[in-house]
Each structure stands twice: as C-alpha cells, then as structure tokens.
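Me: I would like a close look at a single part of this model, namely the place where the ligand is held. Please take me through it slowly, since I am new to reading structures.

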Amino acid sequence: MPALSSPAPGVQSANFRFRCIACGDLSDAANQDFRCARCGDLLEITYPRWKEAKPSPETLKAAWSQRRISQSPVDLSGVWRFRDLLPMLGTAPDEVRQIIALREGNTPLYELPRCARSAGIAHLWAKHQGMNPTGSFKDCGMTVAATFARRAGFRWVACASTGNTSASMAAYAARGGMRSLVLVPEGKISWSKLSQALDYGAVTCQLRTDFDGCLRLLQELVRRAPVHQLNSINPFRLEGQKTLALELLEQLDWKPPDHIIVPGGNLGNSSAIGKALLEMSELGLISRLPKLSVIQAEGANALVRTLRETGGQRLVSVQAETRATAIRIGNPASWKKAAHVLEATGGACEQVSEVEIAQAKAEIGAEGIGCEPASAVTLAGLKKLVKRQFVKPEESVVVVLTGNLLKDPDFTIEFHRGELFKGSADENASAMLEPLRRAPIVLDATLDAVIRTLEQAEKS
Ligand code: F0G
C-alpha cells in the first residue's frame with residue numbers, strides 16, 4: 001500500500017460528467033468522498049452528449065438484443081451489454097478488456113401467482129437480483145465501480161457494509177487484482193456474507209458499532225488514505241445498478257409495469273432504478289413511467305419518517321433495529337436521491353413489521369424462489385399498498401428481490417423451527433405464521449418412520 005500521505009489518484013471522466021444533486025455544479029473529476037467540492041452534497045453521473053445527439057431508442061434496443069447472442073465477455077455481462085447508457089471507457093478492444101466482469105446481471109423474472117393472490121392482485125413478477133454471481137444486486141454496480149477504481153490506479157478498495165456490498169466488493173477486487181478492506185458491524189451481519197468476504201480475500205474488520213458508524217469511519221478514511229470507496233455513495237455503482245431496470249423492461253418487451261417495488265436501506269438501489277426509469281423515459285425507450293415505491297422495515301424507517309414528518313426536506317435519522325440485517329440502516333446516505341425519484345415517478349414509501357417480513361419471506365420461499373429477509377419487505381409492503389388502494393387489483397407489479405435465500409440461513413432456520421420471535425415482543429403476533437412453518441423432523445432411520453411422516457404430511 002502506498003504511504004498514507006501520498007496523494008490519491010483522481011477519477012477522470014470519459015463520456016460523462018459529475019453533477020451535484022443539490023447545486024447542479026458540473027465537473028470532470030470527483031473527490032474521493034464523491035461529494036460536491038462547492039456545497040458538499042452527493043454527485044451523480046450525467047451524459048451531456050445526449051443533449052446534442054440523443055441515442056435512438058430503436059438503435060439501442062437492436063444493439064442490446066444483438067449482443068445477447070455474442071460470446072464476448074463484455075456482452076455476456078448483463079450490465080455492460082447496456083454500455084451505451086453507462087459511463088464508458090470507449091469501445092477500443094484494449095479498453096473493453098479492462099472491464100472487471102463476472103457475468104453479472106442476466107437475472108430471471110419470475111411470475112409469483114400465489115404471492116399475487118395473497119396480496120390481492122392479478123399480476124406479480126419478481127426480478128430476482130439474488131441470482132447474481134455473489135448472490136445480490138450489488139454485483140451490477142460493483143462491476144462498473146471496480147472497473148473505474150482500477151482504471152484510476154487504485155490498489156485498495158474499501159466499503160462499509162451490512163454484508164452484501166462487502167461480499168460483492170471483495171469478489172470484484174479479487175478478480176481485478178486489487179486489495180479490499182471491509183468494515184462491517186460486529187455481530188450484525190450474516191455468516192454467509194461474512195464468509196464470502198473472507199474467502200474472496202478481503203481484509204475484514206468487524207467494528208463495534210452499527211452500519212452507520214462503519215460508513216462514517218469509511219468517509220474519514222478515504223480522505224486520509226489512498227483507498228477508493230465502493231459504497232453506493234460512489235456514483236459508478238448506481239450507474240451499474242441502473243441496468244436492473246433496463247433488463248427488466250427488455251424482459252417485459254418494453255411495456256412498463258404499473259409498479260416497481262424495492263427495499264430501502266442506504267437508498268442507493270432505489271435511486272439507481274429511478275434514475276434508469278427517468279433516463280429511459282427521456283430517451284423514448286418507454287412511453288410511461290412505472291411508479292417506483294420503497295419499502296423499509298419499521299425498525300429502520302428513516303425514509304418513511306423523512307417523507308411523513310418533513311415532506312422530504314430534512315433527513316430524520318433513526319436508531320436502526322431489524323432482523324432484516326441487510327437494511328439495518330438508520331442514516332441513509334442517498335435519501336435525497338431516493339426522495340427525488342419517488343416524487344418524479346409518483347411512488348410511495350411504506351414500512352412493514354418484523355412479522356410481516358417473516359410471513360412474506362416464507363410465502364416467496366413457498367413459490368420455490370426464496371430470498372433473504374430484506375428482499376421480502378417488498379411483498380409485505382405490496383400487501384399494505386394494496387390495502388391502501390395505492391396499488392389497484394388489476395395493476396401489474398414487479399417486486400425486486402435483492403438477495404438470495406442462502407444469504408441468511410439462520411433467519412430461515414429459526415423461522416421454521418419457531419424460534420425467530422421467541423421471547424420478543426412479536427411472539428404473540430407471530431402465532432399466525434404457524435401454517436407456513438416447515439420444521440425439520442428428526443427420525444430413527446427406518447422405513448416405517450419415514451412412511452408415517454409422509455402420511456401425516458399428506459393429511460396436513
Ligand atoms: N436488500 C439487500 C439484500 C441489501 O443487501 C441491501 C443493502 C438492500 C436491500 C438495500 O439497498 O442500501 O441500496 O437501499 N445492503 C447494503 C450492504 C447496505 O452493505 O450490503 P440500498
């Protein structure tokens with residue numbers, strides 16, 4: 001690692017510029033904290049050339065479709081296939097070779113008929129980002145941000161994380177020959193995610209604080225050390241995560257659903273999906289905007305409170321607590337970006353209880369799909385939005401499942417064994433979850449015992 005006092009390499013732009021989300025200041029390079037040099041707010045990436053020469057929607061759709069049959073690594077990536085709407089390195093073969101990719105994106109869109117019935121609507125799909133190489137949506141952003149980090153000459157990348165970002169960052173850093181530093185809250189991330197970071201070779205620090213504390217420390221670190229931060233404050237991450245929406249609309253033959261529903265934690269993903277929807281509309285790729293809604297856990301409801309109590313003018317931070325540890329975040333960095341896209345698309349913001357999350361997760365599992373707890377807030381939130389009549393029974397809805405079922409096996413096992421809410425304030429309320437439980441059955445190794453179990457199960 002270079003001496004801590006050596007200057008950090010700058011991030012240079014190519015076909016894009018940085019724009020401050022508050023004062024609109026445009027620049028060609030960003031500081032390491034990715035904050036505006038004039039007013040300190042967050043930066044986003046913008047494509048000024050679209051003003052002079054808007055890419056035509058038909059040409060874009062044809063190019064993206066054509067690349068699906070290509071065997072080139074850049075086209076096999078479900079992110080870089082959409083590179084016309086990404087910060088690009090140019091198309092020269094040596095530049096394309098610099099891309100760090102793991103065949104991210106290309107995720108399935110599943111119908112969820114039983115969950116649709118349970119929510120009281122006709123058509124429900126799940127865009128399953130948990131089917132990415134490291135098991136979460138983070139990979140779509142990481143391929144872009146890691147590529148630009150290496151291009152800018154960094155040897156070290158770093159993140160604060162509730163688990164998935166660290167797993168993804170560690171994988172892409174390893175693939176790209178960079179070292180990685182992970183800051184996670186001690187005891188508050190799942191073993192699966194922690195084990196990924198370790199196996200991919202990250203220097204992993206479990207800090208005695210929460211996610212918000214880890215992120216604060218990282219912000220200070222990047223000002224002092226030549227490490228490049230790969231949290232979603234990094235706008236390259238959000239550009240990669242935009243492709244979720246592009247791929248989704250392509251899968252729906254460019255017919256927008258009425259609603260897209262996404263979990264909210266640090267609020268980078270909702271901001272990215274919203275940015276993609278607005279850009280698709282600007283470029284004429286879609287003729288109307290789906291409503292983008294964000295769902296949070298009741299115990300980590302900073303955006304819900306921010307919108308309800310201040311009309312989106314000022315962040316209301318909370319002390320976060322939820323078993324959906326991926327979204328256990330009380331001071332979301334991208335709250336302004338998320339508030340903007342909710343308003344621009346006409347979406348809603350809702351919160352759900354721990355019991356509602358557990359129920360929704362079991363229902364998604366029972367469709368043979370499964371997801372981690374943070375992803376299940378989407379179905380739980382959808383049910384509330386239907387009750388509120390914000391979502392109408394005949395409308396089409398896509399929920400974004402952000403993480404794989406295998407990301408948090410402790411939650412799943414505790415749920416099925418009936419231990420998840422034992423001794424908690426939710427114990428009584430959780431009794432209604434009984435029919436969804438499938439506890440493992442320990443038996444003597446005899447044919448009789450297995451047949452008896454089968455017969456009992458047939459009756460239930
Ligand atoms: N779902 C999952 C599975 C996540 O891991 C996260 C965030 C979110 C939803 C929320 O997305 O932050 O963009 O609003 N996980 C981060 C991490 C914070 O460190 O892995 P967001």
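How many residues surround the ligand, and which are the closest?

Reply: This is a predicted model, and in it 19 residues surround the ligand, the closest being Ser161, Asn164, Asn266, Leu267 and Thr402. When these 19 residues are sorted by type, the shell around the ligand divides into 6 nonpolar, 11 polar and 2 charged.

Turning to single atoms, an oxygen atom of the ligand is 2.7 Å from a polar backbone atom of Leu267, and an oxygen atom of the ligand also lies 2.8 Å from a backbone N or O atom of Asn269. With Thr402 the side chain takes part, as one of its N or O atoms is 2.7 Å from a nitrogen atom of the ligand. Taken alone, the ligand exposes 470 Å², and the protein buries 99% of that. The elements that give two or more residues to the shell are α7 (164-175) and α12 (268-282).

As for the space itself, the ligand sits in the largest cavity, and a search of the whole structure finds 1 cavity of 30 Å³ or more. About 320 Å³ of space lies in this largest cavity, which is lined by 26 residues, and the closest to its centre are Phe137, Lys138, Gly265, Asn266 and Ala326. Two or more lining residues come from each of α7, α10 (235-241) and α12, with the largest share, 3 residues, coming from α12. By type, the lining of the largest cavity divides into 9 nonpolar, 14 polar and 3 charged residues.

Key:
Residues are numbered from 1 along each chain as its sequence is written. This is a predicted model: local features need pLDDT of at least 70, side-chain atom pairs count only at pLDDT 80 or more; totals for chains, interfaces and linings use all residues. Side-chain values use heavy atoms; hydrogens and water are left out. A residue is near a molecule or strand if one of its heavy atoms lies within 4 Å of it. A polar contact is a pair of N or O atoms within 3.5 Å; within protein, one must be able to donate a hydrogen and the other to accept it, and residues adjacent in sequence count only if both atoms are side-chain atoms. Accessible areas come from the Shrake-Rupley method with a 1.4 Å probe; for residues, only the protein chains shown count as cover. On a 1 Å grid over the protein atoms alone, a cavity is a set of points where a 1.4 Å probe fits but cannot get out, and a pocket is an open set with protein on both sides within 12 Å along at least five of seven lines; lining residues have an atom within 4 Å of a point. A molecule sits in a cavity or pocket if more than half of its atoms lie within 2 Å of its grid points. Helices (H or I, at least four residues) and strands (E, at least two) are DSSP runs, numbered from the N terminus. Ala, Val, Leu, Ile, Met, Phe, Trp, Tyr, Cys and Pro count as nonpolar, Asp, Glu, Lys and Arg as charged, and the others, Gly among them, as polar. Grid points are joined across faces, edges and corners, and a volume is the space filled by probe spheres set on the points.
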